[in-house]
Amino acid sequence: MINNFLPILDLLLGIILSFLTLVFLLRLIMTWYPKINGENGFWIIVTLPTNQILNITKKLIPPIGGVDVSPVIWIGIISFIRELLVGQQGLIKLAIQRLH
């Protein structure tokens with residue numbers, strides 16, 4: 001049973017973490033253009049999953065020189081988790097190789 005579960009988990013985590021990286025990257029780009037309204041159209045897809053997380057991060061790490069660095073921090077964290085779990089040498093990949 002675990003032989004079937006690990007590849008599916010690997011694929012799902014890869015997709016979810018890639019989506020989150022893309023969303024935070026778009027959120028980073030949105031900080032460069034303050035006139036973009038994040039509550040309308042396409043941008044709501046970017047702001048909904050990130051608002052809560054970024055608000056907490058902004059309380060812990062305030063903007064540096066007027067620049068909001070919280071999206072950069074989350075891009076780094078998500079990239080690290082993605083590499084750790086589903087990267088070429090990730091834990092899930094190694095578990096899949098060990099089972100085969």
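# A tour of a five-helix model

Begin by selecting L94, which lies in helix α5, residues 91-99, where helices (H or I, at least four residues) and strands (E, at least two) are DSSP runs numbered from the N terminus. This is a predicted model, in which local features need pLDDT of at least 70 and side-chain atom pairs count only at pLDDT 80 or more, while totals for chains, interfaces and linings use all residues. Residues are numbered from 1 along each chain as its sequence is written, and side-chain values use heavy atoms, with hydrogens and water left out.

With L94 still highlighted, note that this residue is partly exposed, at a relative accessible area of 37%; buried means under 20% relative accessible area, exposed over 50%, and partly exposed in between, with a 1.4 Å probe and protein chains only. Add S18 to the selection and draw the distance: the C-alpha atoms of L94 and S18 are separated by 20 Å, with the two positions 76 residues apart along the chain.

Now zoom out to the whole protein chain, which has 5 helices and 0 strands and reads α-α-α-α-α along the sequence. Its radius of gyration is 17 Å, well over the 13 Å that the globule rule gives for 100 residues, so the chain is more spread out than a compact globule; the radius is taken over C-alpha atoms, and the rule is 2.2 Å times the number of residues to the power 0.38. Along the principal axes, the C-alpha atoms fill a box of roughly 50 × 30 × 20 Å. Of the 100 residues in the chain, 27% are buried.

For the interior, select L17, F24, L28, L54, I75 and I78, the 6 residues of the largest nonpolar core, a core being a set of buried Ala, Val, Leu, Ile, Met, Phe, Trp, Tyr and Cys residues joined through side-chain atoms within 4.5 Å. The elements that give two or more residues to this core are α1 (2-32) and α4 (70-86), and the largest share, 3 residues, comes from α1. Centre next on L28 which, leaving aside its neighbours within four places in sequence, is in contact with P71, V72 and I75, contact meaning heavy atoms within 4.5 Å.

Staying in helix α1, move to D10. Is this residue buried or exposed? D10 counts as buried, at 11% relative accessibility, and, apart from neighbours within four places in sequence, D10 is in contact with V86, I92, K93 and I96.

L22 is also placed in helix α1, but at 46% relative accessibility L22 counts as partly exposed. Select V46 together with L22, and the C-alpha atoms of the pair, 24 residues apart along the chain, are found to be separated by 9.0 Å.

The next stop is T50, in the loop between α2 (43-47) and α3 (51-60). T50 is buried, with a relative accessible area of 0%. Which residues does T50 contact, leaving aside its neighbours within four places in sequence? They are V23, F24 and R27; F24 has already appeared on this tour as a member of the largest nonpolar core.

To finish, display the surface of the whole chain, which exposes about 7,100 Å², with carbon and sulfur atoms supplying 70% of it; accessible areas come from the Shrake-Rupley method with a 1.4 Å probe.
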